[in-house]
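These entries record what I looked up in one structure, in the order in which I turned to each topic.

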Amino acid sequence: MTEFRTNKGLIDRYRSRLPLASDASVVSLYEGSTPLIPLENIQSLTGKKVEIYAKFEGLNPTGSFKDRGMTVAVSQSVTEGAKALICASTGNTSASAAAYASRAGIKCFVLIPEGKIALGKLAQAMIKGSVVIQILGNFDDGMRLVKEVGENTAVSIVNSINPYRIHGQKTIAFEIIDALGRAPDYHCLPVGNAGNITAHWLGYCEYAGREVFQDTFQSQQGDYNRDKVVDTTPVMCGYQASGAAPFLRGHPVENPETVATAIRIGNPQSWDFALTASKESNGWFDEFSDDEILATQKLLAEKEGIFCEPASAISVTGALKDINSGKIPEGSVIVCTLTGHGLKDPDTAIKQSKAPVIKIEPEFDQVKKAIVDNLE
Ligand code: F0G
């Protein structure tokens, strides 16, 4: 095919920093290169002198950060000869796995909690021809089943317990540093299964030339470039929904519940890695109610024009609380990961929107009245 100029996928851009063999097959949808958007309107609401940026991962090919991990995990699986993928998911992983399986021409099985995933995500898995297995249980049940399948069959697991997922997702830290020319002081993000906080921390540490996770990710997958680019790493701030907050409780939560279905998880698989990231970065975990999460989703849409899904908005809920309390001090550079696109879950957005929907006859006077009545 003709060569053309474009932002390539993240394997092409960061290949030397990924543990893929030089002859590995690359399965890509040209993911990554997402915008780092200054939240100037929201910053001025705080009245504090800080710089807040949103890394809008909703602009990846399937609408979430999962594509970063999936391009690397699926490339590795295909290189190893896998004929089928499997994952448990609250929706985004399944949407992404389905897409990359299609791209690679292999089968994909997704286990999702019945009735508890946003419709857009279900549609994504279905239209791409994955086998959708709805379980009468939650994500944690799905994860348990997937691990059993992995032990007993040759299907390749593409949940974040697959280290190649973490390696792909670490590239978000590279892009942020490449864009800012420095590491942020604070990085705020939602925590569910805890793979993503693990991946962010791995990426930040590698760009700072710092050993991390007792080499778990670095030695297992062979050698790759970990040259130092910056001197500092950010403080990692992980936020959870109150109904699904195992890191705040200090133990797994039996029946997690939250409107932010993406992070409706009680038994995070990357528990130890997330604790390490939090401790080594001098970070913290905090929790927020569904009302607070939805209010921030609306704030981002109304003040910045950014439509992210509820789970993503919690990054900014937490950042604002910590900026206002002074826990994040003035002068700080803060990055919030907006993990997924709001269009995945329009039902939740419509339910909470107070925007007027006005019905009229197709006449000029009626349009005019609607405009005049709502100008203020
Ligand atoms: N935000 C969104 C939009 C997500 O889909 C997820 C996880 C997270 C945050 C949390 O990331 O699990 O790495 O801590 N979604 C997974 C899924 C579990 O199945 O799509 P995490």
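**Entry 1. Backbone at two loop residues**

Does Ser-33 count as buried, partly exposed or exposed? I note at the outset that the model is predicted. I found that Ser-33 has a relative accessibility of 29% and therefore counts as partly exposed, since that class lies between the 20% limit for buried and the 50% limit for exposed. I located Ser-33 in the loop that runs between α1 (10-14) and β1 (36-38). I then looked up its backbone and found a phi near 55°, a positive value in a residue other than glycine. I recorded this because most residues other than glycine have a negative phi.

I made a similar entry for Ala-194, whose phi is near 75°, again positive in a residue other than glycine. This residue belongs to the loop between β7 (186-190) and α9. Ala-194 has a relative accessibility of 3%, so I entered it as buried.

**Entry 2. Helix α9**

I went on to α9, the helix that follows that loop. It has 13 residues, and I read a reach of 19 Å from the first C-alpha to the last, close to the 18 Å expected at 1.5 Å a residue. I also looked up how covered α9 is, and found that 13 of its 13 residues are buried. Just after α9, Gly-209 takes a positive phi of about 65°.

**Entry 3. Aromatic rings**

I counted nine aromatic pairs in the structure. A pair of aromatic rings is described by the distance of the centres and the angle of the planes. For Phe-174 and Tyr-207 I recorded 4.4 Å centre to centre and 15° between the planes, and this pair is stacked. Phe-174 lies in helix α8 (residues 171-180) and Tyr-207 in helix α9 (residues 195-207), so the pair ties together parts that are 33 residues apart in sequence. I checked accessibility as well, and both Phe-174 and Tyr-207 are buried.

I followed the ring pairs further and found that they link Tyr-14, Phe-174 and Tyr-207 into a cluster. The ring of Phe-174 also has the charged end of Arg-17 over it, 5.7 Å from the ring centre. Elsewhere I noted that the charged end of Arg-226 sits over the ring of Tyr-224, at 4.9 Å from its centre.

**Entry 4. The cavity**

How many cavities of 30 Å³ or more does the structure have? I found one. I entered a volume of about 330 Å³ for the largest cavity. It is lined by 29 residues, and the closest to its centre are Phe-65, Lys-66, Asn-193, Ala-262 and Ile-263. The elements that give two or more residues to this lining are α4 (92-104), α7 (163-169) and α9. The largest share, three residues, comes from α9. By class I recorded 11 nonpolar, 14 polar and four charged residues in the lining of the largest cavity.

**Entry 5. Helix α4**

I looked up α4 next, as one of the elements that line the cavity. The helix has 13 residues and reaches 18 Å from its first C-alpha to its last, close to the 18 Å expected at 1.5 Å a residue. Because 10 of its 13 residues are buried, I entered α4 as largely enclosed by the rest of the structure. Among the buried residues of α4 are Asn-92, Ser-96 and Tyr-100.

**Entry 6. The pockets**

For the largest pocket I recorded a volume of about 200 Å³. Its lining has 13 residues, of which Gly-115, Ile-117, Thr-261, Asp-345 and Thr-348 are the closest to its centre. Helix α15 (residues 346-352) gives the largest share of this lining, three residues. The lining of the largest pocket has four nonpolar, four polar and five charged residues.

The second largest pocket has a volume of about 160 Å³. I found that α13 (290-304) and α15 each supply at least two residues of its lining, and that α13 gives the largest share, four residues. The lining includes Gln-297, Lys-298, Phe-307 and Gln-352. By class I entered four nonpolar, three polar and three charged residues for the second largest pocket.

Terms used: Residues numbered from 1 in each chain as written. Predicted model: local features only at pLDDT ≥ 70, side-chain atom pairs only at ≥ 80, totals over all residues. Heavy atoms only, no water. Phe/Tyr/Trp six-rings, centres within 6.5 Å; stacked < 30°, edge-to-face > 60°. Buried < 20%, exposed > 50% of the residue type's maximum accessible area, 1.4 Å probe, protein only. Lys NZ or Arg CZ within 6 Å of the ring centre and 35° of its normal. 1 Å grid on protein atoms, 1.4 Å probe; cavity = no way out; pocket = protein on both sides within 12 Å on 5 of 7 lines; lining within 4 Å. Points joined across faces, edges and corners; volume = space filled by probe spheres on them. Nonpolar A, V, L, I, M, F, W, Y, C, P; charged D, E, K, R; others polar. Expected span 1.5 Å × (residues − 1).
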